[in-house]
Amino acid sequence: MNNEFNSKDAGLFTHAFNQNPYPAFQSLRQHDPVHQALMPDGHYAWIITRYEDAVAVLKDTRFIKDFTVFLNEAERAEAQKNIFSQNMLFADPPDHKRLRGLVQQAFTPKMIEELRGRITEIANELIDDMQGRSQIDIIDDFAFPLPIIVICEMLGVPSEDRDKFRTWSNTLVEASNDPGKAEKIQQHTEEFTSYLREWIATRREHPEDDMVSKLIQAEEAGDRLSEQELYGVVSLLIIAGHETTVNLISNGLFALMTHPEQMRTLRQQPGLIRPAIEEMLRFEGPVEFSTDRWAAETVEIQGKTIQKGDHVLVALDAANRDPEAFEDPDVFDITRGQSKHLAFGKGMHFCLGAPLARVETEVAVNTLLERFPELQLDTSSAELEWRPGILMRGLTELPVRLA
Ligand code: HEM
């Protein structure tokens, strides 16, 4: 255990860190780029902050996702009862490929491009609902409902239930590192699970032309998907669809509104929207830390020995501000062009939903800027609160003036 630079020195996991993690990330990249940190739940994890190491770890198959291999049979059976663990994000080869393969086809750039028209319709409908208002919360009124409606329509789940999904998925994501919330997590996990069971049972009886009906068919057809995995895939897509794009749209608009010269450039050259979105992903990526990885064997990185069974996290938002990888990394510049950011991860777990998130954000930002030429922040940046928890980076609310 390395004592020369402890997590307190690094300023990790405090409220100040939550509000602005970049000074701590810079300090770690410089002084202790492979840092063994005491996590909020009391266990230790290695935190990787340099770009080059981040890429290496994300691609290295010695860092595995399925921690149950370290458990005995009884513990494993208990852990596998949690339906959220039975999905591609927590699977290693060969299960990973099988699980990802079942839904990959629905997420190719070509398939997603076909949804652009419907996504534009949804964005316009949400804006129509703002009629007569001069002030809105970008998150509640726009950035949150848009991706939810889209993923619910793709899967075939009733989007009227979106407030329930929001409560459940927020608890699961925000509380993943907070032992104080164990009871709430358990309660919301149970509610989410029984909702999915009932709803999947209904779809089994009455299949439709949606992704869930196709997954049910795959499960019924034989050994490609177990029932637990069916719940796992569906819940992963619901959670990913709820927790991520909302933050890309809102973090991105926040960056534009707090960098008026960049906002002007984008308004004058709307063709820059794609590089602008890549810059939003790099500058304030919605997924702050990768999901958990575990060393399957002893691995040396930057002179540190990571032991078999150790927990490893890649700080994606730290790697995306590494001056060795990006010139002037703390500058928000939508004209950077090609970007090698890690906001969607790297390697075999590279984000399946990236094409969808990109199109949703492109449509959302374009439509909002087009319809509100005077859009601006309705508070000072210092007043805004960032969400707790280390997995996601996003604001709790983003008040704006429309005109
Ligand atoms: C801006 C929005 C998004 C960001 C920044 C993002 C980011 C990420 C990242 C970093 C990973 C890899 C995590 C790791 O390796 O530990 C990931 C995986 C994944 N994402 Fe996304 N995501 C976004 C949107 C979405 C959406 C909209 C969906 C689908 C509805 C989605 C579905 C997935 C899935 C299924 C995986 C697991 C892939 C695998 O394990 O092979 N994501 N995402």
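Which protein atom is the single donor to the iron atom of the ligand, and how far away is it? The donor is the SG atom of Cys-351, 2.3 Å from the iron. Donors here are N, O and S atoms within 2.8 Å of the metal (3.2 Å for Na, K and Ca), and because water is not among the atoms, sites may look incomplete.

Before we go on, a word on what you are looking at. This is a predicted model, in which local features need pLDDT of at least 70, side-chain atom pairs count only at pLDDT 80 or more, and totals for chains, interfaces and linings use all residues. Residues are numbered from 1 along each chain as its sequence is written, and side-chain values use heavy atoms, with hydrogens and water left out.

Let's start with the whole protein. You can count 19 helices and 10 strands; these are DSSP runs, with helices being H or I of at least four residues and strands E of at least two, numbered from the N terminus. The radius of gyration is 21 Å, close to the 22 Å that the globule rule gives for 403 residues, so the protein is as compact as a globular protein of that length. This radius is taken over C-alpha atoms, and the rule is 2.2 Å times the number of residues to the power 0.38.

Now back to the ligand. Cys-351 sits in the loop between helix 18 (316–319) and helix 19 (354–371). Cys-351 is also one of the residues that come nearest among the 29 around the ligand, along with His-96, Thr-291, Arg-293 and His-349. A residue counts as near if one of its heavy atoms lies within 4 Å of the molecule.

Oxygen atoms of the ligand make polar contacts, meaning pairs of N or O atoms within 3.5 Å; within protein, one must be able to donate a hydrogen and the other to accept it, and residues adjacent in sequence count only if both atoms are side-chain atoms. The side chain of Thr-291 places an N or O atom 2.5 Å from a ligand oxygen, and a polar side-chain atom of His-96 lies 2.6 Å from one. Met-348 uses a backbone N or O atom instead, at 3.5 Å.

Which helix gives the most residues to this shell? Helix 14 does, with 4 residues. By type, the shell has 17 nonpolar, 9 polar and 3 charged residues. Here Ala, Val, Leu, Ile, Met, Phe, Trp, Tyr, Cys and Pro count as nonpolar, Asp, Glu, Lys and Arg as charged, and the others, Gly among them, as polar.
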